[in-house]
Amino acid sequence: DALKEFDGEWQEPFDLLDITDPETPKKEIRAAFRSIARKEHPDVSERPDAEDRFRRISLAYELLMDDGGRAMLLEAMERKVDDLEELQEVPSTELDEQLDAWDYRWEEDEFSATF
């Protein structure tokens with residue numbers, strides 16, 4: 001899973017594709033990927049880690065082209081979470097607590113249910 005690959009390193013997919021604006025349109029992400037792929041593909045690159053690097057670049061592209069994946073990345077960056085587990089935890093808000101109290105207030109007990 002592409003998101004797991006970058007667990008805790010939320011900015012890296014953008015860095016791998018040389019994208020500075022997280023709101024970059026898909027057309028520009030595609031163009032950035034193609035440009036980098038020409039240089040970083042293992043058949044062309046002389047780097048010793050070319051295969052692993054290109055795999056990560058491809059995963060970054062996949063993640064940023066997926067609306068849900070990019071949204072999760074942006075949320076992780078905004079909330080400044082350290083890992084996926086923390087990202088999946090939904091922070092309780094004051095509104096949630098008020099709604100829970102409201103629901104509890106209207107639950108019937110044995111006494112009020114008979115009258």
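**Entry 1: R56**

I began with R56, which sits in helix α4, and I note at the outset that the model I am reading is a predicted one. Is R56 buried or exposed? Its relative accessibility is 14%, so R56 counts as buried, the cut-off for that word being under 20%.

I then looked up what R56 touches, leaving aside residues up to four places away in sequence, and found E5, F6, E9, E12 and L16. For one of these, E5, I also checked the backbone: the C-alpha atoms of R56 and E5 are separated by 7.9 Å, although the two residues are 51 residues apart along the chain.

**Entry 2: salt bridges**

How many salt bridges does the model hold? I noted a count of nine. One of them joins the side chains of E9 and R56, with N to O at 3.3 Å. Because E9 lies in the loop between α1 (2-5) and α2 while R56 belongs to helix α4, this pair ties together parts that are 47 residues apart in sequence. The two partners are not buried alike, since E9 is partly exposed with a relative accessible area of 40%, whereas R56 is buried at 14%.

Next I turned to K26 and D67, whose side chains meet in a salt bridge of 3.1 Å, N to O. This pair links distant parts of the chain, with K26 in helix α3 and D67 in helix α5, 41 residues apart. I recorded K26 as partly exposed, with a relative accessible area of 30%, and D67 as exposed, with 52%.

A further salt bridge is formed by R47 with D49, where the closest N and O atoms are 3.1 Å apart. R47 is partly exposed at a relative accessible area of 38%, and D49 counts as partly exposed as well, at 35% relative accessibility. Which residues are joined into one network by salt bridges that share partners? I listed E5, E9, E12, D52, R55 and R56, so R56 from my opening entry belongs to this network.

**Entry 3: E40 and helix α3**

I moved on to E40, whose place is in helix α3, residues 26-40. E40 is buried, with a relative accessible area of 14%, and its side chain is joined to that of R53 by a polar contact of 3.1 Å. Not counting residues up to four places away in sequence, E40 touches S45, R47, A50, R53, F54 and I57; R47 is the residue I had already met as the salt-bridge partner of D49.

I then checked the helix as a whole. At 1.5 Å a residue, the 15 residues of α3 should span 21 Å, and I found its end C-alpha atoms 20 Å apart, which agrees.

Which residues of α3 are buried? They are I29, A32, F33, I36, A37 and E40. Seen down the axis of α3, these buried residues fall within an arc of 135°, so they line one face of the helix. I set beside this the general rule that an α-helix has 3.6 residues a turn, so residues three or four places apart point the same way.

The face of α3 turned away from its buried side carries the exposed residues K27, E28, R34 and R38. Finally I asked myself what covers the buried residues of α3, and the elements I noted include α2 (12-16), α4 (50-65) and α5 (67-79).

Technical notes
Residues numbered from 1 in each chain as written. Predicted model: local features only at pLDDT ≥ 70, side-chain atom pairs only at ≥ 80, totals over all residues. Heavy atoms only, no water. Helix = DSSP H or I, 4+ residues; strand = E, 2+ residues; numbered from the N terminus. Buried < 20%, exposed > 50% of the residue type's maximum accessible area, 1.4 Å probe, protein only. Polar contact = N/O pair within 3.5 Å; in protein donor to acceptor, adjacent residues only side chain to side chain. Contact = heavy atoms within 4.5 Å. Expected span 1.5 Å × (residues − 1). Arc of directions from axis to C-beta. Salt bridge = Lys/Arg side-chain N within 4 Å of Asp/Glu carboxyl O.
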